[in-house]
Amino acid sequence: MTQPLLRVENLQTHFATRAGTVKAVDGVSFDLRRGEILGLVGESGSGKSVTGQSILGLVDPPGRIAGGRVLFDGEDLVTAGEKRLRAIRGRRIAMIFQDPMMTLNPVLSVETQMVEAVLAHDKVGRAEARRRSRDALGRVGIASPEERLAAYPHQFSGGMRQRVAIAIALLHSPDLILADEPTTALDVTIQAQILFEVQTLCRDTGTALLWVTHDLAVVSALADRVAVMYAGRIVETGPIADVIQAPRHPYTRGLLDSVPSRNRRGVPLRSIPGMTPSVLDLPKGCAFQPRCGRADAACAVMPELPENGHAWRCWHPHDADARGAAA
Amino acid sequence: MTRPILAVSGLSKRFERKLDVVERFARRLGASVDDSVLHAVSGVDLAVAEGEVVGLVGESGCGKSTLGRMVAGLLTPSDGSIQWRGTDLRDLPPAGRHEANLKIQMVFQDPMASLNPRLRVADIIGEAPVVHGLVPRREAAEAVAEMMRTVGLDPGYMRRYPHQFSGGQRQRIGIARALAVKPDFLVCDESVAALDVSIQAQIINLFMRLREELRLTYLFISHDLGVVQHISDRTAIMYLGRIVELAPTPELFAAPNHPYARALLDEAPRVTLEKRRFAPIRGEIPSPLNPPAGCPFHPRCPHAMPRCSQERPDLREVAPARWSACHLNDTL
Ligand SMILES: Nc1ncnc2c1ncn2[C@@H]1O[C@H](COP(=O)(O)OP(=O)(O)O)[C@@H](O)[C@H]1O
Ligand SMILES: Nc1ncnc2c1ncn2[C@@H]1O[C@H](COP(=O)(O)OP(=O)(O)O)[C@@H](O)[C@H]1O
Ligand code: SF4
Ligand code: SF4
Ligand SMILES: [Mg+2]
Ligand SMILES: [Mg+2]
């Protein structure tokens, strides 16, 4: 196998707080190949966003990367300098956030922002930069891109603004797009439009995509592989169909079972007891113990996550018997 | 249907929008006058049977919250009537209207925003029933404890403040507060939207248990089709301020009649075993400041006919208990 585009190795990102050290990301490892879509799934506070920020070197104090490597095309971004990171961000790795206004400047026209973004990394003339900007808007399904270039962000709807943010991300045909809940705030029909554009792009350009979300349904329809996070660690990972069909970790299974459409209508939903944990207050060993029906004495030792294929971090995984989408 | 517990007819809400300078100038030059009025809800008819759960779905801005707030008495309708157990609220004396309004309570999306952060849980839950004379003050603590047990909270925590609870627990506090005045009808407005999936399932189960135990009726507003499908007996789909389809939930989800309902169901993300090609409907939701003439969905509808841009389809019973507002039903 060729070297993956992105290899995250035993990443540790900690926040020093008054209450103690928050190990927001605690030993996360995964690979992403060119053209591949990986869904990073988990409930709020599980460490998804911090994982994304760590890859890009965007963790602000009191946070810091306390260990591990982020190999992008073989180069370790954790030890790379800020100048080098800036050259990579925007050009080879692009970002899309839940709130497009994280990317867009409210007081500049879309044209100014896009042209500047092109010129920041490429030695081309203004006319060429403008042409590329217009084409990028067209590619994300914005009608009459020529006229829309002159508009300001507030003149767009939420869905349109997110498209503009995606168009900016595409300007340099990046090798990797890191998307953090980009459709969470959007309506179903608008979300479907954006997923359609993104899917088409990855297929046509070979761009790899890390899609961070709490929404298993979106990942099941979009991703090639999935990694499920709980309390700062990956607890299960594998090809998406394998994980959906036969979740082995009790948390993954619990998450899938909680989805209303996977339950018989009108009967109580199968739910996970207890609440999402604070990473400051985790039990010794497996973090899922207090909520897990299978926990026993063995679970006081942290189970490992084996490498490769469909893998899970659990001493007492569920059987592989397919449960399918039926419920 | 036997006499509905709640019925609204021709219910509308318009919001006046102040014109800015440019718009006032344009209007003097003869531009459309109507642009200053936002049609949030337009002519909604809906009857809810006692003990029933009616789900209300639609994309943001379609008027779900506005409709819910009118039903809960938090917003005055511009037009139309609300009948509570057969009586038009406008015909009731103030005391009677007040009593009816207490019987209809609302549970909101964001418990943090709707709970006063400076009040202890005991006061958040206990205040209204005391003020309205439902519970004598000296029995308030016991009533609060009872309410907390009902929604699955430990009464030992009643002296705490909202921020000391998790999101799921705060939603339980919001539910307890609504239930404390002994309502018959709950308007739940995106009440599980802000919660993580595993916690959302717990709260949905709570709503279902309370319905049985307290014989409650719900208007359950959500943008999440899976949630509505699970919990509702009937489902109403809104688009641009109007109900475009209303039907028993299993039938609607099995075979939606209205083209918008079909598009919405097709595009709702579902947990699947196969990768999907998304094939979205085009276009954006039009502005309620300037809703399209004719059928509000016609600019995006793959089946639009010439008639659709001129004549607005009424919500009609197209099969027993199935209502839809689409001209296609005439040509069948
Ligand atoms: N600036 C910060 N200071 C302290 N803790 C933080 C900070 N940013 C994130 N965290 C903590 O890191 C954990 C993971 O957060 P995050 O990655 O944002 O979760 P997710 O994106 O999965 O919802 C959380 O427990 C959060 O409280
Ligand atoms: N108080 C208000 N003043 C002006 N416009 C409002 C007000 N409340 C709601 N609207 C508008 O009415 C329409 C319907 O809003 P809402 O009922 O909140 O929709 P939903 O709950 O379906 O998202 C939207 O266009 C919204 O902007
Ligand atoms: S290791 Fe033990 S506690 Fe953790 S998920 Fe597996 S069975 Fe449950
Ligand atoms: S009335 Fe016409 S435009 Fe409206 S939904 Fe039916 S076919 Fe489409
Ligand atoms: Mg996040
Ligand atoms: Mg609303």
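Which element gives the most to the shell around ligand 1? The answer is α1(A), with three residues. The model is predicted: local features need pLDDT of at least 70, side-chain atom pairs count only at pLDDT 80 or more, and totals for chains, interfaces and linings use all residues. Residues are numbered from 1 along each chain as its sequence is written, chains are lettered from A and ligands numbered from 1 in the order in which they are written, and side-chain values use heavy atoms, with hydrogens and water left out.

**View 1. The shell around ligand 1 in chain A.** There are 13 residues around ligand 1, and G45(A), G47(A), K48(A), S49(A) and V50(A) come nearest; a residue is near a molecule or strand if one of its heavy atoms lies within 4 Å of it. At least two shell residues each come from β1 (6-17), β2 (20-32) and α1 (48-55) of chain A. Helices (H or I, at least four residues) and strands (E, at least two) are DSSP runs, numbered from the N terminus. The shell has five nonpolar, six polar and two charged residues. In this classification Ala, Val, Leu, Ile, Met, Phe, Trp, Tyr, Cys and Pro count as nonpolar, Asp, Glu, Lys and Arg as charged, and the others, Gly among them, as polar.

**View 2. Polar atoms of chain A beside oxygen atoms of ligand 1.** A polar backbone atom of G45(A) is 2.8 Å from an oxygen atom of ligand 1. For S46(A), a backbone N or O atom lies 3.2 Å from a ligand 1 oxygen. S49(A) has a side-chain N or O atom 2.8 Å from an oxygen atom of ligand 1. The protein buries 65% of the 560 Å² that ligand 1 exposes when taken alone (accessible areas from the Shrake-Rupley method with a 1.4 Å probe; for residues, only the protein chains shown count as cover).

**View 3. The surroundings of ligand 3 in chain A.** Of the 13 residues around ligand 3, the nearest are C286(A), C292(A), C299(A), C314(A) and W315(A). By class, this shell holds nine nonpolar residues, three polar and one charged.

**View 4. The interface of chain B and chain A.** Chain A brings 55 residues to the contact and chain B 41 (heavy atoms within 4.5 Å). About 4,000 Å² is buried between the two chains, 56% of it on carbon and sulfur atoms; buried area is the accessible area (1.4 Å probe) that two parts lose on being put together, summed over both. V271(B), L273(B) and F278(B) lose the most area on the chain B side, together 19% of what that side buries. Across the interface, zero salt bridges are found (a side-chain nitrogen of Lys or Arg within 4 Å of a carboxyl oxygen of Asp or Glu).

**View 5. A salt bridge in helix α4 of chain A.** The side chains of R131(A) and E128(A) form a salt bridge at 2.9 Å, N to O. Both residues lie in α4 (residues 126-139), three residues apart, about one turn of the helix.

**View 6. Two backbone features in loops of chain A.** The peptide bond from P61(A) to P62(A) is cis, with omega near 10 degrees. P62(A) is in the loop between α1 and β4 (63-72). A231(A), a residue other than glycine, has a positive phi near 50 degrees. A231(A) is in the loop between β9 (225-230) and β10 (233-239).

Conventions: Polar contact = N/O pair within 3.5 Å; in protein donor to acceptor, adjacent residues only side chain to side chain.
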